[in-house]
Amino acid sequence: MSIEIAHVSKRFGGFQALEDVSVELRSGELSALLGPSGSGKTTLLRILAGLEAPDQGAVYFDGRDVTQVAPKDRGIGLVFQHYALFKHLDVFENVAFPLRIRGRPALEINARVHELLSLVRLEGLGRRAIDQLSGGQRQRIALARALAAAPKVLLLDEPFGALDAKVRQELRRWLRRLHDELAVTTIFVTHDQEEAFEVADRVVITDRGRIAQVGTPAEVHERPASRFVFDFLGQASVLQGAAAEGRARFGPFEVEAPTALGRAERSVVGYLRPHEIELSREDLREGGLGARISRIHPARAGMRVELVADGVEAPIEAELEHTRFDALALTPGERVQVRARRIHVFAAEA
């Protein structure tokens, strides 16, 4: 089922939660609503679920206007961060609940619940009490219950937010495999970019009630549409510079400026990601910047080197693979030369 959100706005008192939001989500894809707290992603999910009504705009499922349709008639499954399981019911009855309230026959309920428990890899736990389950198991049961009535759309609100890091990682990989098996249109809310990039086919980044960017994880990571997106994605050093005649200059660094900046002189900022910075002991007379190493510590894929660069107020961070780091044998306090393999340029006033 495809989903279209058309010019949706929502206000709570004096707070503008959503403002003229329009986005299309493709049938069968797993889309992530990604953004900081208060950016509107949960409000948008609740409007899709029918739990909130927009002040303006409309929501379409496969071209059908469902803006005024009740949640129970939208064909959705909904999973919350804190499971919302019934503690007085065992695992089997929690999963069976959506089917019982729809008056399905007992034989159909029994077969469907066992099918779902197998799907979420929890066979044999049907008569287990909810408080006897781990957090990861509870979230799988919540997902099985959401799938019980065979929804056409699955909505997940921070589904792994209450779990520790290791369990989160295991469950998001499992969710991706499950989605590939079911091919149901899925939308999940998260503020964790790593989670969104690992799981989603498409990422929708929200900012103060608006859509900041929509794209595949690779598109969003490699070509952030704005300074907000770059700042939100994090892990970048920022340089102040100027652009004119199609070139942007940041001290000794010079790169091509985006055509959208025009050719007149203007202030710009440049973002340097840690893995796009090279360090050298050689004197790079052209295109190099002198710096002193202030700190070295392990990073996920290598070693992180923090630097104080000549004439640059903000610290610069470089990330080196272990082989390159070992070859340089860097130590805190020594001076090195910094070269930028790539600088992402934006207007300073943006």
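Guide: Welcome! Two strands count as paired if DSSP finds at least two bridges between them. Keep in mind that this model is predicted.

Visitor: Thanks! In which order do the strands of the open sheet of six strands run?

Guide: Pairing in this open sheet is mixed. Its six strands have the order E6-E7-E8-E3-E9-E10.

Visitor: Why is one side of E6 and of E10 left without a neighbour in the sheet?

Guide: Strand E6 covers 76-79 and strand E10 covers 210-215, and both stand at the edges. One side of each has no neighbour in the sheet because each has a single partner strand.

Visitor: What does the twist average from one strand to the next?

Guide: The sheet in question is the open one with mixed pairing. From one strand to the next, its twist averages 15°.

Visitor: Which residue in E10 stands opposite Ile-205?

Guide: Strand E9, residues 202-207, pairs with E10 in the antiparallel sense over five bridges. Across from Ile-205 in E10 is Gln-213.

Visitor: Which residue takes a positive phi in the hairpin of E1 and E2?

Guide: E1 (residues 3-12) and E2 (residues 15-25) run antiparallel and are joined by seven bridges, with Val-8 opposite Val-21 in E2. Two residues lie between the strands of this hairpin. The one with a positive phi near 60° is Gly-13.

Visitor: And which side chain is joined to that of His-297 by a polar contact of 3.3 Å?

Guide: His-297 sits in strand E16, residues 289-298. Its side chain has a polar contact of 3.5 Å with the side chain of Arg-295. Leaving aside neighbours within four places in sequence, His-297 touches Met-303, Arg-304 and Glu-306. The polar contact of 3.3 Å is with the side chain of Glu-306.

Conventions
Residues numbered from 1 in each chain as written. Predicted model: local features only at pLDDT ≥ 70, side-chain atom pairs only at ≥ 80, totals over all residues. Heavy atoms only, no water. Helix = DSSP H or I, 4+ residues; strand = E, 2+ residues; numbered from the N terminus. Polar contact = N/O pair within 3.5 Å; in protein donor to acceptor, adjacent residues only side chain to side chain. Contact = heavy atoms within 4.5 Å. Axes fitted to C-alpha atoms, helices over the stretch in contact; angles between N-to-C directions.
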